[in-house]
Amino acid sequence: MSITEKRPVHIVGGGLAGCEAAWQLARRGTPVVLHEMRPTRGTDAHKTDSLAELVCSNSFRSDDSSNNAVGVLHAEMRRLGSLIMGCADRHQIPAGGALAVDRDGFAEAVTAAIAAHPLITVERGEVAGLPPEDWDSVIIATGPLTSPALAEAIRARADEQALAFFDAIAPIIHFDSIDMTVCWFQSRYDKMGPGGTGADYINCPMDKEQYEAFVAALVASDTVPFREFEANTPYFDGCLPIEVMAARGPETLRHGPMKPMGLTNAHNPTVKPYAVVQLRQDNALGTLYNMVGFQTKTRHGEQTRLFRMIPGLEKAEFARLGGLHRNTYLNSPRVLDPTLRLKAEPRLRFAGQITGCEGYVESAAMGLMAGLFASAEQRGEAPVLPPPTTAHGALLNHITGGHIESLEAGPRSFQPMNVNFGLFPPLDANPTRDAEGNRLRGTQKTVAKKQVLAARALADMDAWAKAHADEPNEAAA
């Protein structure tokens, strides 16, 4: 079948993920119809009609591909011919070690590139409901501001619990930064849930003085206000910010997420803790633990200070800090297959923030993967996943299968996350000496570990890209 005879892939959403997916498909010879509802239907956050408009920060965060996971993701995307990274690089503005962009110049560059490609057609107008049946390959990349009609159609097609519209995020901590000489493993009342052992939580004990100091600091902390388009989104009791609970009375937390009942301190069994903070395993690798019930709107700098007041977390390193904001995202581990297709209707593939990733770069990366997977299918081939040791593979694994389900009622267990080294498979052995043979000490070990993880990721991405990310169809590009 010639290029002109190929059926197009329809992409719904002209944000970073949708534009990246369209670019990857078109440069490999597949025609694309990109549907963007603006300006026919606007949103509460967008201000222009440009594709890939940045509605919040203009930063793509760290560009350090040796020491930072998002920097590794940047480098991998450049290796895969990313449109988003190419435009970001051309419109970079000074920001130290971060990649920040002129937001207008960046969006205009993406819009121009998409408009100029002969295999991409942009159609302005809302897709109000599930895409028509004769669209046999669709990528939905509508982000956190998915139109209500489409969101409701997706929820009905997947299942009634498939979409969340308010994102209650608890902080997540790297396991190897928790002081296990203070904390201990135990489930409340040694309960063995499905797949549990009776020692499924890490427990951080507090005496009365520590608890009262923590609550006082929490109540006095500075919080982030809702953005204008979130202002009418109410709290619900299952996801109250921890500072709101604390403000209801000094004992509220001790009878809520910090209750000490059913727990015995393995390091000091004769002394009953006055309060306990529990951490629950967050990924299948066991490298990340989340703070149970600690969703918060406290500012990020405040969170680090507050949570390091908790015994055992004095040196905690956070893979993600807490938050509470309006969002639309799928319960992806349950409803998507490993190549981001909806299990209930495989012609529909998802990309970007709606899959449950956080951040501009992560959204674009999932658009890139969706485009590569759809391109392989258009050629009659089975998509091949990137190795889990790469940033793309680690993020895909978090979204589609590397997550631990919660055993108790409350906010859904799976929540959006930025890429971080805690999502990468552990090294067979952590480095202990530097290149000169000197023994690594303290933070040197952490730095060396990140550098080895980064080097492994980029080497594995190079090998995968050479074997599976087929060369573009230059005649069509």
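**Exercise 1. Find which residues touch Phe-106, leaving aside its neighbours within four places in sequence, and place Phe-106 in a core.**

Step 1. In this predicted model, the contacts of Phe-106 beyond four places in sequence include Leu-16, Ala-52, Leu-54 and Phe-60. Ile-84, Cys-87, Ala-88, His-91 and Val-101 are also in contact with Phe-106.

Step 2. Phe-106 and Phe-60 are the residues with the most contacts inside the largest nonpolar core, which has 90 residues.

Step 3. Helix H10 gives the largest share of this core, 11 residues.

Step 4. Another core, of 30 residues, lies apart from it; Ile-202, Tyr-289, Phe-294 and Phe-307 are among its members.

**Exercise 2. Work out the strand order of the open sheet that holds E3, E4 and E5, and say which strands are at the edges.**

Step 1. The sheet has 3 strands in the order E3-E5-E4, and the pairing is antiparallel.

Step 2. Strand E3 (59-62) and strand E4 (92-93) each pair on one side only, and these are the edge strands.

Step 3. E4 and strand E5 (residues 98-101) run antiparallel and are joined by 2 bridges. Opposite Gln-92 stands Val-101 in E5.

Step 4. Across E3 and E5 lies helix H2 (residues 69-79), which runs at about 115° to E3.

**Exercise 3. Describe how H2 packs against H10.**

Step 1. The axes of H2 and H10 are 10 Å apart, and the packing angle is about 35°. The crossing of H2 past H10 is left-handed.

Step 2. From H2, the residues in the contact are Val-70, Leu-73, His-74 and Met-77. From H10 they are Val-361, Glu-362, Ala-364, Ala-365 and Leu-368.

Step 3. By type, the residues of this contact are 7 nonpolar, 1 polar and 1 charged.

**Exercise 4. Decide whether Thr-390 is buried or exposed, and list its contacts beyond four places in sequence.**

Step 1. Thr-390 belongs to the loop between helix H10 (360-378) and helix H11 (391-400).

Step 2. The relative accessibility of Thr-390 is 0%, so Thr-390 counts as buried. The cut-off for buried is under 20% relative accessible area.

Step 3. Beyond four places in sequence, Thr-390 is in contact with Glu-76, Phe-424, Ala-457, Asp-460 and Met-461.

**Exercise 5. Tyr-189 and Leu-340 have a positive phi although neither is a glycine. State where each lies and whether it is buried or exposed.**

Step 1. Tyr-189 has a phi of about 60°. The residue is in the loop between strand E10 (184-185) and strand E11 (201-206). Its relative accessible area is 59%, so Tyr-189 is exposed.

Step 2. For Leu-340, phi is about 75°. Leu-340 sits in the loop between helix H9 (332-335) and strand E16 (341-342). With a relative accessible area of 0%, Leu-340 is buried.

**Exercise 6. Find the strands joined to E12 and state how much of E12 is buried.**

Step 1. Strand E12 (residues 275-281) is mostly covered, with 6 of its 7 residues buried.

Step 2. E11 and E12 run antiparallel and are joined by 6 bridges. Asn-203 has Gln-278 in E12 as its bridge partner.

Step 3. E12 is also joined to strand E13 (residues 288-291), by 3 bridges, and these two run antiparallel. Gln-281 is opposite Tyr-289 in E13.

Step 4. E12 and E13 make a hairpin, with 6 residues between them. In the turn, Gly-286 has a positive phi of about 75°.

Conventions
Residues are numbered from 1 along each chain as its sequence is written. This is a predicted model: local features need pLDDT of at least 70, side-chain atom pairs count only at pLDDT 80 or more; totals for chains, interfaces and linings use all residues. Side-chain values use heavy atoms; hydrogens and water are left out. Two strands pair if DSSP finds at least two bridges between them. Helices (H or I, at least four residues) and strands (E, at least two) are DSSP runs, numbered from the N terminus. Contact means heavy atoms within 4.5 Å. Axes are lines fitted to C-alpha atoms, for helices over the stretch in contact, and angles run from 0 to 180 degrees between N-to-C directions. Buried means under 20% relative accessible area, exposed over 50%, partly exposed in between (1.4 Å probe, protein chains only). A nonpolar core is a set of buried Ala, Val, Leu, Ile, Met, Phe, Trp, Tyr and Cys residues joined through side-chain atoms within 4.5 Å. A crossing is left-handed if the near helix is turned anticlockwise from the far one by less than a right angle, and right-handed if clockwise. Ala, Val, Leu, Ile, Met, Phe, Trp, Tyr, Cys and Pro count as nonpolar, Asp, Glu, Lys and Arg as charged, and the others, Gly among them, as polar.
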